[in-house]
Each structure stands twice: as structure tokens, then as C-alpha cells.
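Got the model open? Let's go through it with some "how do you know?" questions, and set each value against its cut-off.

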Amino acid sequence: VIIMDINMPKKDGISTTVEIIKQNPKARIIALSMMDEQEYIVKMLQAGAKGYLLKNSSKNELLNAILT
């Protein structure tokens with residue numbers, strides 16, 4: 001399981017997710033971001049993320065997402 005942010009220094013999390021899924025289709029990626037705009041959520045899910053959580057989510061929500 002990979003926890004992926006959208007904003008990263010050199011490359012954004014959306015294109016990084018696409019690359020990871022191309023190289024390893026079995027990879028499981030969960031987006032963890034401060035961005036709650038639907039546009040980003042949809043793009044991450046279309047890129048191959050299995051879930052999307054906001055950074056203010058509880059520990060239990062993150063754990064449940066990982067286990068799911």
C-alpha cells in the first residue's frame with residue numbers, strides 16, 4: 001500500500017500514480033491530501049488510486065482505508 005500526496009516537490013501525485021500503476025498494476029495507492037476539490041479526487045481515482053482521504057482524517061479512517 002502506497003500513501004500518495006498530490007503535491008510533491010518534483011512531480012505531482014497524479015502522474016506519479018499513473019506511472020506506478022503502469023509499472024505495477026497490483027500496487028494499491030491511497031491518496032492523502034489537503035485538497036478537497038472534486039477535480040483532484042476524480043483525477044486521482046482515474047489515475048488508479050483506490051481511495052482518497054483528506055489529511056485531517058482520523059487515524060482510524062486511514063487505518064480502515066489501508067485495511068480495505
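**Salt bridges, sheet and surface**

There are 3 salt bridges in this structure. It is a predicted model, where local features need pLDDT of at least 70, side-chain atom pairs count only at pLDDT 80 or more, and totals for chains, interfaces and linings use all residues. Residues are numbered from 1 along each chain as its sequence is written, and side-chain values use heavy atoms, with hydrogens and water left out.

Q: What makes Lys55 and Asp5 a salt bridge?
A: The term asks for a side-chain nitrogen of Lys or Arg within 4 Å of a carboxyl oxygen of Asp or Glu. The side chains of Lys55 and Asp5 meet at 2.8 Å, N to O, so the pair fits that cut-off. Side chains of opposite charge can pair when their charged atoms come close.

Q: Where in the chain do Lys55 and Asp5 sit?
A: Lys55 is in the loop between strand 3 and helix 3, while Asp5 is in the loop between strand 1 and helix 1 (13–23). The two are 50 residues apart, and the pair links distant parts of the chain. As for the names, helices (H or I, at least four residues) and strands (E, at least two) are DSSP runs, numbered from the N terminus.

Q: Why is Lys55 called partly exposed?
A: Buried means under 20% relative accessible area, exposed means over 50%, and partly exposed is in between (1.4 Å probe, protein chains only). Lys55 has 43%, so it counts as partly exposed.

Q: How do you know that Lys11 and Glu19 form a salt bridge?
A: Their side chains meet at 2.1 Å, N to O, so they satisfy the cut-off for a salt bridge. Lys11, at 35% relative accessibility, is partly exposed, and so is Glu19, at 37%.

Q: What about Glu39 and Lys43: how far apart are their closest N and O atoms?
A: The closest N and O atoms are 3.2 Å apart, and the two form a salt bridge. Glu39 and Lys43 are separated by about one helical turn because they are 4 residues apart in helix 2. Glu39 is partly exposed at 46%, and Lys43 is partly exposed at 38%.

Q: Why is Thr16 called buried?
A: Thr16 has a relative accessibility of 15%, so it counts as buried. This residue is found in helix 1. Leaving aside its neighbours within four places in sequence, Thr16 is in contact with Met4, Met8 and Lys11, where contact means heavy atoms within 4.5 Å.

Q: Is Ser15 buried or partly exposed?
A: Ser15, also found in helix 1, has 23% relative accessible area, so it is partly exposed. Ser15 and Met44 are 29 residues apart in sequence, with their C-alpha atoms 8.8 Å apart in space.

Q: What makes Asn56 exposed?
A: At 68% relative accessibility, Asn56 counts as exposed. You'll find Asn56 in the loop between strand 3 and helix 3. Asn56 and Lys11 are 45 residues apart in sequence and 23 Å apart in space, C-alpha to C-alpha.

Q: What order do the strands of the open sheet have?
A: The open sheet has 3 strands in the order 1-2-3, with parallel pairing. Strand 1 (2–4) and strand 3 (51–54) are the edge strands, as each pairs on one side only.

Q: How do you know that strand 1 and strand 2 pair?
A: Two strands pair if DSSP finds at least two bridges between them. Strand 1 and strand 2 (residues 29–33) are joined by 3 bridges, so they pair. Met4 has Ala31 in strand 2 as its bridge partner.

Q: Why is strand 2 called largely enclosed?
A: In strand 2, 4 of the 5 residues are buried, so the rest of the structure largely encloses this strand.

Q: Which residues make the nonpolar surface patch?
A: Val1, Ile3 and Ile66 make this patch of about 250 Å². Patches are made of residues with over 30% relative accessible area and no salt bridge: like charges are joined within 9 Å, nonpolar side chains (Val, Leu, Ile, Met, Phe, Trp, Tyr) within 5 Å. Accessible areas come from the Shrake-Rupley method with a 1.4 Å probe, and for residues only the protein chains shown count as cover. Ile66 lies in helix 3 and has 35%, so it is partly exposed.
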